[in-house]
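These are notes on the structure shown below, set out as numbered points. Please read them with the coordinates open.

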2 protein chains.
Amino acid sequence: MKFCPDCAAPVSLQVPADDTRPRHVCTACGTIHYQNPKMVVGSIPVWMDDGEVKILLCKRAIEPRHGYWTLPAGFMENKETTRQAAERETTEEAGATIQLHELFSVINVPHVHQVHLFYRASLLNKDYQAGVESLAVDLFSEAQIPWDEIAFTTVSHTLRAFFQDFASLKNGGHFQLHEHEVKPMLQTPL
Amino acid sequence: MKFCPDCAAPVSLQVPADDTRPRHVCTACGTIHYQNPKMVVGSIPVWMDDGEVKILLCKRAIEPRHGYWTLPAGFMENKETTRQAAERETTEEAGATIQLHELFSVINVPHVHQVHLFYRASLLNKDYQAGVESLAVDLFSEAQIPWDEIAFTTVSHTLRAFFQDFASLKNGGHFQLHEHEVKPMLQTPL
């Protein structure tokens with residue numbers, strides 16, 4: 001941010017009175033422009049295929065991570081709830097009709113100022129189809145998941161936690177809320 | 001938003017190609033300036049007093065809701081995690097030392113573009129003190145909670161859910177994740 005969105009004067013980075021962090025403050029009107037993390041919200045659409053659990057993934061048609069697979073998810077919009085965001089993104093990216101269940105994962109990605117939320121969901125039929133942001137949409141069993149082609153760490157972590165919890169069900173386990181933090185990738189050592 | 005934060009030219013509200021919602025788009029450089037919900041994160045600091053559960057509340061020294069009581073909470077900052085935000089706000093507003101436990105409530109407030117998260121926490125000692133944004137900080141049993149003077153619906157909902165879950169513990173119940181949506185207050189009928 002270089003200019004004030006309210007009055008177009010230059011902003012400067014300074015710590016306002018009663019604050020402890022540098023903020024973008026307008027040099028003319030004095031407005032403080034706070035910047036805060038964004039939420040990315042999605043679903044884990046589940047289809048039971050002859051007793052085998054399968055998950056609906058989307059192949060990304062957009063950057064970042066064009067061509068990689070992801071759970072349907074995207075930036076939450078103003079005026080909607082987290083559940084509405086999860087359903088909207090699943091419709092937009094996968095053309096899928098789902099029933100949402102509990103919140104399953106809350107994954108912080110502080111180095112990019114994001115928090116990712118994924119809800120468990122039941123896929124209600126197989127009439128899914130790729131939206132404009134997807135190249136393809138398909139169902140994958142645990143053995144079929146293209147682990148090396150998953151777009152984001154938040155998605156691979158959520159998928160692994162899902163299959164782990166699902167496997168525990170037959171021994172009396174249950175789905176839990178999974179909290180996790182993704183750290184920046186380390187540089188390759190020289 | 002009236003002017004582009006990148007180049008100071010006027011922005012106009014328009015639906016970009018491949019989008020479905022009006023966005024603030026710069027009339028000169030074309031940058032799309034998205035606006036998304038913000039997260040408010042806090043804690044439920046618990047103190048056990050001779051077997052009775054008490055919660056630490058802060059009396060607000062700032063608007064909105066000056067003079068009303070709240071759980072320690074505030075806007076999540078860039079570069080931090082939700083847990084770090086909960087701990088920071090508890091330190092800043094209540095001078096309290098806590099140990100964080102599980103995420104307890106996720107409350108959507110879509111009409112103000114916010115999602116509120118509260119974590120259960122143990123207050124580790126009674127050396128708390130009001131920060132600059134608080135007039136007072138005090139412990140309240142369920143019977144002592146000033147229900148008519150609670151600052152925000154998200155806080156009263158979280159407190160009621162907490163006491164309900166806590167009461168269930170002696171019958172084999174447990175703390176659950178509580179999801180809720182706050183609707184705008186209806187106008188008083190004429």
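1. Where in chain B does Asp50(B) lie? Asp50(B) sits in the loop that runs between strand S4 (38-49) and S5 of chain B. The model is a predicted one, and the values below should be read with that in mind.

2. The backbone at Asp50(B) deserves a look, since its phi is near 50°, a positive value in a residue other than glycine. Most residues other than glycine have a negative phi. Is Asp50(B) buried or exposed? Asp50(B) is exposed, having 5 other C-beta atoms within 10 Å.

3. Lys79(B) is another entry under this heading: its phi is positive, about 70°, although the residue is not a glycine. Lys79(B) is placed in the loop between strand S7 (73-75) and helix H1 (82-94) of chain B. With 11 C-beta neighbours inside 10 Å, Lys79(B) counts as exposed, because the cut-off for that class is 12 or fewer.

4. Which residues does a cis peptide bond join in chain A? The bond lies between Glu63(A) and Pro64(A), and its omega is about -5°. Most peptide bonds are trans. Pro64(A) belongs to the loop between strand S5 (52-60) and strand S6 (69-70) of chain A.

5. Chain B also has a cis peptide bond to report, joining Glu63(B) and Pro64(B), with omega about -5°. Pro64(B) is found in the loop between strand S5 (52-60) and strand S6 (69-70) of chain B.

6. On the fold of chain A: there are two helices and 11 strands. Their order along the sequence is β-β-β-β-β-β-β-α-β-β-β-α-β. Of contacts in chain A between residues at least 6 apart in sequence, 60% join residues at least 24 apart.

7. On dimensions and burial: the C-alpha trace of chain A spans about 65 × 40 × 35 Å along its principal axes. Chain A has 190 residues, of which 35% count as buried.

8. How is chain A divided into domains? Domain 1 covers 1-35 and domain 2 covers 38-181. The centres of these two domains of chain A, taken over C-alpha atoms, are separated by 37 Å.

9. On the relation between the chains: chain B is superposed on chain A by a rotation of 180° with 0.0 Å of shift along the axis, at an RMSD of 0.0 Å. That is the relation of a two-fold axis. Of the interface residues of chain B, 100% are also interface residues in chain A, so the copies meet through the same surface.

10. On the interface itself: 33 residues of chain B are in contact with 33 residues of chain A. On the side of chain B that touches chain A, S4, strand S8 (98-109) and strand S11 (178-181) of chain B each supply at least two residues. The largest share of that side, three residues, comes from S8(B). By residue class, the side of chain B that touches chain A divides into 16 nonpolar, seven polar and 10 charged residues.

11. Places to check in the display are the loop that holds Asp50(B), the loop that holds Lys79(B), and the cis bonds before Pro64(A) and Pro64(B).

Conventions:
Residues are numbered from 1 along each chain as its sequence is written. Chains are lettered from A and ligands numbered from 1 in the order in which they are written. This is a predicted model: local features need pLDDT of at least 70, side-chain atom pairs count only at pLDDT 80 or more; totals for chains, interfaces and linings use all residues. Helices (H or I, at least four residues) and strands (E, at least two) are DSSP runs, numbered from the N terminus. A residue is buried if 20 or more other C-beta atoms lie within 10 Å of its own, exposed if 12 or fewer, and partly exposed in between; C-beta atoms are placed from the backbone. Two residues are in contact if their C-beta atoms, placed from the backbone, lie within 7 Å. Copies are superposed by least squares on the C-alpha atoms of residues with pLDDT of at least 70 in both. Ala, Val, Leu, Ile, Met, Phe, Trp, Tyr, Cys and Pro count as nonpolar, Asp, Glu, Lys and Arg as charged, and the others, Gly among them, as polar. Domain bounds come from an automatic or database domain assignment.
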